[in-house]
Amino acid sequence: MTKQTQMSEQTLVRMVAKMTIPFISMLGLYIILHGELGPGGGFQGGVVVAAALILYGLVFGADELRRHIPVALLDACMALGALLYAGTGLASLLAGGNFLDYGMLMPHSAGDGEALGMTLVEYGVGITVSSVMTTIYLMISERRTTLRPGEEGL
Amino acid sequence: MLEEILTLDVFLLILVAATAVAVIQVDCLFSATILAGIYSLLMAVVWTNMHALDVAFTEASVGAGISTVLLLGALVLCGRFAKREQPVHWPGLLVCTLTGAMLIYGTLDMPKFGDPDAPIHTLRVPGMIRQDIGKHHTAAPRTQQAKHEADASGKHHPQDDYNGHVPNTVTTLLAAYRGYDTMFETTVIFVAGVSMLLLLRRRREGELGVPVSNPSHRKPDDLADGRSAS
């Protein structure tokens, strides 16, 4: 049973995954970082990054994914992204503008402030989306509702 | 020129409709999942054909990528074949037809596809593409005294209730013009993740409220056991 379902024992699947995962995650980061210049943005890029992580989890097993990306880090990133978004809004509020009034981040060149604010906001969306998507995959792929004594992981 | 695009659109939409019917008709849930992914990919091509690249991106990554994977993950837990149902559910068909007719009726008021006089081409968006919204000489040096609100003389800056200065108009719309909207979308995603954690996170047996399972009742084909034993 275990032998048949373990995908990492199939050479072809393992090699293709190992070859494509770096490119997929690089594409995802590119989409997040260039969201204000080209098509895409935080949401799409975050999903692509999550797709790379999920592919790794599918092929090598969710436990292996959890070993490389600690669950605590995913949990923290979910909140961190949303916090970065709201924090950007709060920063412009503290700088004297309205909430999410990005121009006030750089009052002397409003255009640059707008670009900076939108970029930060996109990063926030990307961080949240990628970690939430990965978490949803990890939660759905569980087969049992409890951890037995002696098992590791969260 | 227009006919080529129209031909491609009609061809793609026929494929989309055929895929959608196939998703409903197929009994094997695995095939239905893959067909749903194909549906999303076709829709992504349709959006690309309409020059809506950001929508196409989202459709391809979310519709064809993530939701296919999540559906497959659900399939592992719930079995591969659908239960036989009665072929046509008449009340459901009636509701669907009525809703579809209402939606089509709603599109009658919309401007024709590609109409150059449509509001989307004349109102605001040209300024956003030229990126001169908010770049009026009175708006450029934004100081504490020159905020978005009307100043002491009661004058607003020219049409700058928001400013957009990034080349991607869609990002400008989402992050600046609809900044609150996007923020709470992010919050919704965050809440979705938190609810997944609250509902499905595995808790250690023996913790408060978690009973310890009896080893003799455990299934032998449990994958997690096989992994932890190896």
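Leu72(B) has 17 C-beta neighbours inside 10 Å and therefore counts as partly exposed. This residue of the predicted model sits in helix H3 of chain B. Its C-alpha atom is separated by 10 Å from that of Ala32(B), although the two positions lie 40 residues apart along the chain.

**The two chains**

Let us step back to the chains as wholes. Chain A holds 6 helices and 1 strand, and from the N terminus its elements run α-α-α-α-α-α-β. Chain B has 9 helices and 1 strand, in the order α-α-α-α-α-α-α-α-β-α. The table puts burial and contacts side by side.

| Chain | Residues in chain | Buried residues | Share of contacts (separation of 6 or more) made by residues 24 or more positions apart |
|---|---|---|---|
| Chain A | 154 residues | 49% buried | 62% of contacts |
| Chain B | 230 residues | 20% buried | 46% of contacts |

**Helix H3 of chain A and its partners**

Two packed helices are described by the angle between their axes and the distance between the axes. Helix H3 of chain A, residues 42-60, can be followed through two such pairings.

Within chain A, the partner is helix H2, residues 11-33: the two axes come within 8 Å and cross at roughly 165 degrees. An angle over 145 degrees counts as roughly antiparallel, so H2(A) and H3(A) are roughly antiparallel to each other. Their crossing is left-handed. On the H2(A) side the contact includes Val13(A), Ala17(A), Ile21(A), Ile24(A) and Leu27(A), while the H3(A) side includes Gly45(A), Val48(A), Ala52(A), Leu55(A) and Val59(A). By class, this contact has 15 nonpolar, 6 polar and 1 charged residues.

Across to the other chain, H3(A) packs with H3(B), residues 53-78, at an angle of about 30 degrees, and the axes are 10 Å apart. Here the angle falls under 35 degrees, so H3(A) and H3(B) are roughly parallel to each other. This crossing, too, is left-handed. From H3(A) the contact draws on Phe43(A), Gln44(A), Val47(A), Val48(A), Ala50(A), Ala51(A) and Ile54(A), which meet Phe57(B), Thr58(B), Ser61(B), Val62(B), Gly65(B), Ile66(B) and Val69(B). In this contact there are 10 nonpolar and 4 polar residues, and no charged ones.

Val48(A) is named in the contact with H2(A) and again in the contact with H3(B).

**The nonpolar cores**

Which residues touch the most other members of the largest nonpolar core? In this set of 52 residues, they are Val47(A), Ala50(A), Ala51(A), Ala52(A), Val129(A) and Met133(A). Elements giving two or more residues to the core come from both chains: H2, H3, helix H4 (62-68), helix H5 (71-94) and helix H6 (110-140) of chain A, along with H3, helix H7 (169-177) and helix H8 (179-200) of chain B. The most is given by H6(A), with 14 residues.

Ala50(A) makes a nice close-up. Leaving aside residues up to four places away in sequence, Ala50(A) touches Val129(A), Ser130(A), Met133(A) and Thr134(A), as well as Ile66(B) from the other chain. There is also a second, separate core of 9 residues, with Ala44(B), Ala56(B), Ala60(B) and Ala64(B) among them.

Technical notes: Residues numbered from 1 in each chain as written. Chains lettered and ligands numbered in written order. Predicted model: local features only at pLDDT ≥ 70, side-chain atom pairs only at ≥ 80, totals over all residues. Axes fitted to C-alpha atoms, helices over the stretch in contact; angles between N-to-C directions. Helix = DSSP H or I, 4+ residues; strand = E, 2+ residues; numbered from the N terminus. Parallel < 35°, antiparallel > 145°, perpendicular 65-115°, else oblique. Left-handed = near helix turned anticlockwise from the far one by under 90°. Contact = placed C-beta atoms within 7 Å. Nonpolar A, V, L, I, M, F, W, Y, C, P; charged D, E, K, R; others polar. Core = buried A, V, L, I, M, F, W, Y, C linked by C-beta atoms within 7 Å. Buried ≥ 20, exposed ≤ 12 C-beta atoms within 10 Å, placed from the backbone.
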